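Trainee: I would like to learn how to read a protein model, one feature at a time. Could you take me through this one slowly?

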Amino acid sequence: GQVAGCARHTHGWGHQGGYAVAVNSRHLFISGRMINEGGHLEDPDTWPPAGSDWIGVSRRPLEDIRQAAPFAGAKGAKGDTLKGAFLVVDEVPTGSKALDRRVANIAGLAASSNRLWAACPYDGTIKVFDADTMQRREVWRFERAGGLAVAPDGTLWALQDGDAGHPSRVAALDAAGRPAGPEFRFDLPADPASMCFASDGRLLVADDGPRQQVLLFERTAA
């Protein structure tokens with residue numbers, strides 16, 4: 001029950017924190033938002049230009065999550081920022097509903113040995129990156145993307161937030177981002193907020209609705 005480590009470098013000096021984390025066998029990935037604090041922080045290799053914010057991901061080595069896992073083209077160097085470890089996923093106008101995880105922030109992350117997926121509800125996509133080079137490989141159309149998780153069989157599952165005309169759901173996606181099998185739907189007042197897979201293959205979904213419960217699902221033979 002004791003804290004074994006603390007990542008740090010997630011708030012202050014333009015850092016605004018984030019809503020998602022993911023790991024593979026080598027790295028920790030932390031979503032975040034970087035601002036220039038009203039234009040007072042000026043360095044093109046560390047902070048966004050005036051009038052813009054960066055939505056992105058900080059990459060850390062698992063052996064010491066306080067340190068940077070640098071890569072070509074990354075941002076970060078000045079102040080209390082890690083050098084060369086921040087991936088700019090998108091640049092957005094300053095003040096674009098930054099405090100709402102469902103709008104202008106990365107709402108979910110998932111990682112495998114060679115891929116990093118980022119849920120971007122602000123432009124209705126899931127973006128796919130190479131986990132080693134951090135270069136963008138694909139962009140999938142997926143409206144209202146939320147939490148992401150990789151199943152034991154390597155399938156990516158995505159949470160889709162509900163709206164006035166659609167219930168929330170969790171769906172499996174294939175390597176091209178297309179529906180790939182079963183999905184679970186959640187009628188109101190359920191409010192699925194995050195999810196993960198257990199080692200036995202069951203899907204665990206945190207319901208932030210009135211039940212305030214963790215719901216368990218398992219795939220069964222037809």
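Mentor: We will go from the whole chain to its sheets and then to its aromatic rings. Bear in mind that this is a predicted model, in which local features need pLDDT of at least 70 and side-chain atom pairs count only at pLDDT 80 or more, while totals for chains, interfaces and linings use all residues. Residues are numbered from 1 along each chain as its sequence is written, and side-chain values use heavy atoms, with hydrogens and water left out.

Trainee: How many helices and strands does the chain have?

Mentor: Helices (H or I, at least four residues) and strands (E, at least two) are DSSP runs, numbered from the N terminus. By that reading the chain has 17 strands and zero helices.

Trainee: What does the radius of gyration say about the chain?

Mentor: This radius is taken over C-alpha atoms, and the globule rule set beside it is 2.2 Å times the number of residues to the power 0.38. Here the radius is 18 Å, close to the 17 Å that the rule gives for 222 residues, so the chain is as compact as a globular protein of that length. The C-alpha trace spans about 55 × 40 × 40 Å along its principal axes.

Trainee: What share of the residues counts as buried, and what share of the contacts joins residues 24 or more positions apart?

Mentor: Buried means under 20% relative accessible area, exposed over 50%, and partly exposed in between, with a 1.4 Å probe and protein chains only. Of the 222 residues, 46% count as buried. A contact means heavy atoms within 4.5 Å, and among contacts with a separation of 6 or more, residues 24 or more positions apart account for 44%.

Trainee: In what order do the strands of the sheet with S7 run?

Mentor: Strands of a sheet pair through backbone hydrogen bonds, either parallel or antiparallel. Two strands are taken as paired if DSSP finds at least two bridges between them. The open sheet in question has four strands in the order S7-S8-S9-S10, with antiparallel pairing. Its edge strands are S7 (108–111) and S10 (136–141), each of which pairs on one side only. Neighbouring strands of this sheet are turned by 15° against each other on average, direction ignored, where axes are lines fitted to C-alpha atoms, for helices over the stretch in contact, and angles run from 0 to 180 degrees between N-to-C directions.

Trainee: Which strands and residues stand opposite each other in S7 and S8?

Mentor: S7 and S8 pair in the antiparallel sense over four bridges, with Ala 110 opposite Trp 117 in S8, and the two strands form a hairpin with three residues between them. Strand S8 (residues 115–120) is mostly covered, five of its six residues being buried. Six bridges join S8 to S9 in antiparallel fashion, and Ala 118 stands opposite Lys 127 in S9. S8 and S9 also form a hairpin, with four residues between them, and Gly 124 in that turn has a positive phi of about 65°. Strand S9 (residues 125–130) in turn pairs with S10 over five bridges, again antiparallel, and Phe 129 stands opposite Arg 136 in S10.

Trainee: What is the order of the strands in the sheet with S11?

Mentor: This open sheet has four strands in the order S11-S12-S13-S14, with antiparallel pairing. S11 (145–150) and S14 are its edge strands, each pairing on one side only, and the twist averages 20° from one strand to the next. Between S12 (residues 156–160) and S13 (residues 168–173) there are five bridges in the antiparallel sense, and the bridge partner of Leu 156 in S13 is Leu 173.

Trainee: How many aromatic pairs are there?

Mentor: A pair of aromatic rings is described by the distance of the centres and the angle of the planes. Rings of Phe, Tyr and Trp (its six-membered ring) pair if their centres lie within 6.5 Å, and planes under 30 degrees apart count as stacked, over 60 as edge-to-face and the rest as tilted. The structure holds five such pairs. In one of them Trp 13 and Trp 47 are stacked, 6.4 Å centre to centre with 15° between the planes. This pair links distant parts of the chain, 34 residues apart, with Trp 13 in the loop between S1 (11–12) and S2 (15–16) and Trp 47 in the loop between S4 (27–34) and S5 (52–61).

Trainee: Are Trp 13 and Trp 47 buried or exposed?

Mentor: Trp 13 is partly exposed, with a relative accessible area of 44%, whereas Trp 47 counts as buried at 5% relative accessibility.

Trainee: Why is the pair of Phe 186 and Phe 217 edge-to-face?

Mentor: The ring centres of Phe 186 and Phe 217 are 5.7 Å apart and their planes stand at 90°, so the pair is edge-to-face. Phe 186 lies in S14 (residues 179–186) and Phe 217 in S17 (residues 213–217), so the pair ties together parts 31 residues apart in sequence. Trp 157, Phe 184, Phe 186, Phe 197 and Phe 217 form one aromatic cluster.
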